Amino acid sequence: MTNNNQSLEDSCDELEDFAMLGRLYVGLSHDLKNMLGIIDMSHQLIDSTLDESNFKNKEEYKSVKECLANSKKVIGYINHLNDEICMVSRGEKGLVNVYNSIDITIDLLNHKTNKKVKIEKKLNKSYNPIIRGYSSHIVSAFAKIGRAHV
């Protein structure tokens, strides 16, 4: 009987540890979202006040605008990953838009290969393919297919 009681106590301790880790992650996730929100608001402020006349040439202005657009994408990816980690930690699978996953994959392949990946998408816009799962798994699968052809 004592071995059984000890085993139950150990299981309870382990569950309490997991619950504590979950609470810790939720707190960190909330802080991360707040920081990313501040960075995103700063981007919007900078973007709204940028004036081409303040730059030496048009290329410099376009470069700054492109940098802002790229960092905004990265913030979106981090937010998405953070949301997905929370979803996975709760054991939930979300609804994933396949078209969005393809766009994310193209961006990732462009970044990783330092090449401009061009994928012709012949998609029926009236059909919106949604599947249940984790978007990071879908993007990873698309990236593996893409890397084999790049």
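This is a short walk through the structure, stop by stop, with something to select at each one.

**Before you click**

The model is predicted, so local features need pLDDT of at least 70 and side-chain atom pairs count only at pLDDT 80 or more, while totals for chains, interfaces and linings use all residues. Residues are numbered from 1 along each chain as its sequence is written, and side-chain values use heavy atoms, with hydrogens and water left out.

**Stop 1: the whole chain**

Show the chain as a cartoon. You should find four helices and two strands, running in the order α-α-β-α-β-α along the sequence. Helices here are DSSP runs of H or I with at least four residues, strands are runs of E with at least two, and both are numbered from the N terminus.

Now switch on the surface. The chain exposes about 11500 Å², and carbon and sulfur atoms supply 59% of that; areas come from the Shrake-Rupley method with a 1.4 Å probe, and for residues only the protein chains shown count as cover. Of the 150 residues, 22% count as buried. Buried means under 20% relative accessible area, exposed means over 50%, and partly exposed is in between (1.4 Å probe, protein chains only).

How much of the contact total comes from residues 24 or more positions apart? Among contacts in the chain with a separation of 6 or more, such residues account for 78%. A contact means heavy atoms within 4.5 Å.

**Stop 2: two salt bridges**

Select Asp40, Lys72, Asp47 and Lys65. A search of the whole structure finds two salt bridges, meaning a side-chain nitrogen of Lys or Arg within 4 Å of a carboxyl oxygen of Asp or Glu.

Start with Asp40 and Lys72, whose closest N and O atoms are 2.6 Å apart. This pair links distant parts of the chain: Asp40 sits in helix H1 (residues 2-49) and Lys72 in helix H2 (residues 58-89), 32 residues apart. Lys72 counts as partly exposed, at 39% relative accessibility.

Then go to Lys65 and Asp47, where the closest N and O atoms are 2.5 Å apart. Lys65 lies in helix H2 and Asp47 in helix H1, so this pair ties together parts that are 18 residues apart in sequence. Both ends are partly visible from outside: Lys65 is partly exposed at 30% relative accessibility, and Asp47 is partly exposed at 34%.

**Stop 3: His43 and its neighbours**

Stay on helix H1 and pick His43. Is His43 buried or exposed? It is buried, with a relative accessible area of 14%. Leaving aside residues up to four places away in sequence, His43 touches Leu68, Ser71 and Ile75. Draw a distance to Ser71: the two side chains make a polar contact of 2.8 Å. (A polar contact is a pair of N or O atoms within 3.5 Å; within protein, one must be able to donate a hydrogen and the other to accept it, and residues adjacent in sequence count only if both atoms are side-chain atoms.)

**Stop 4: Asn79**

Next, select Asn79 in helix H2. Not counting residues up to four places away in sequence, Asn79 touches Lys33 and Leu36. With Lys33 there is also a side-chain polar contact, at 3.2 Å.

**Stop 5: a ring pair**

Show sticks for Phe55 and Tyr61, both of them buried. The structure holds one aromatic pair. The ring centres of Phe55 and Tyr61 are 5.5 Å apart and the planes meet at 65 degrees, so the pair is edge-to-face. For Phe, Tyr and Trp (its six-membered ring), rings pair if their centres lie within 6.5 Å; planes under 30 degrees apart count as stacked, over 60 as edge-to-face and the rest as tilted.

**Stop 6: a nonpolar patch**

Color Leu21, Leu24 and Leu28 on the surface. Together they form a nonpolar patch with about 300 Å² of accessible area. Patches take residues with over 30% relative accessible area and no salt bridge; like charges are joined within 9 Å, and nonpolar side chains (Val, Leu, Ile, Met, Phe, Trp, Tyr) within 5 Å. Leu21 belongs to helix H1 and is partly exposed at 48% relative accessibility.

**Last stop: Asn100**

Finish at Asn100 in helix H3 (residues 98-113), partly exposed at 45% relative accessibility. Measure from its C-alpha to that of Ser135: the two residues are 35 apart in sequence and 9.2 Å apart in space.
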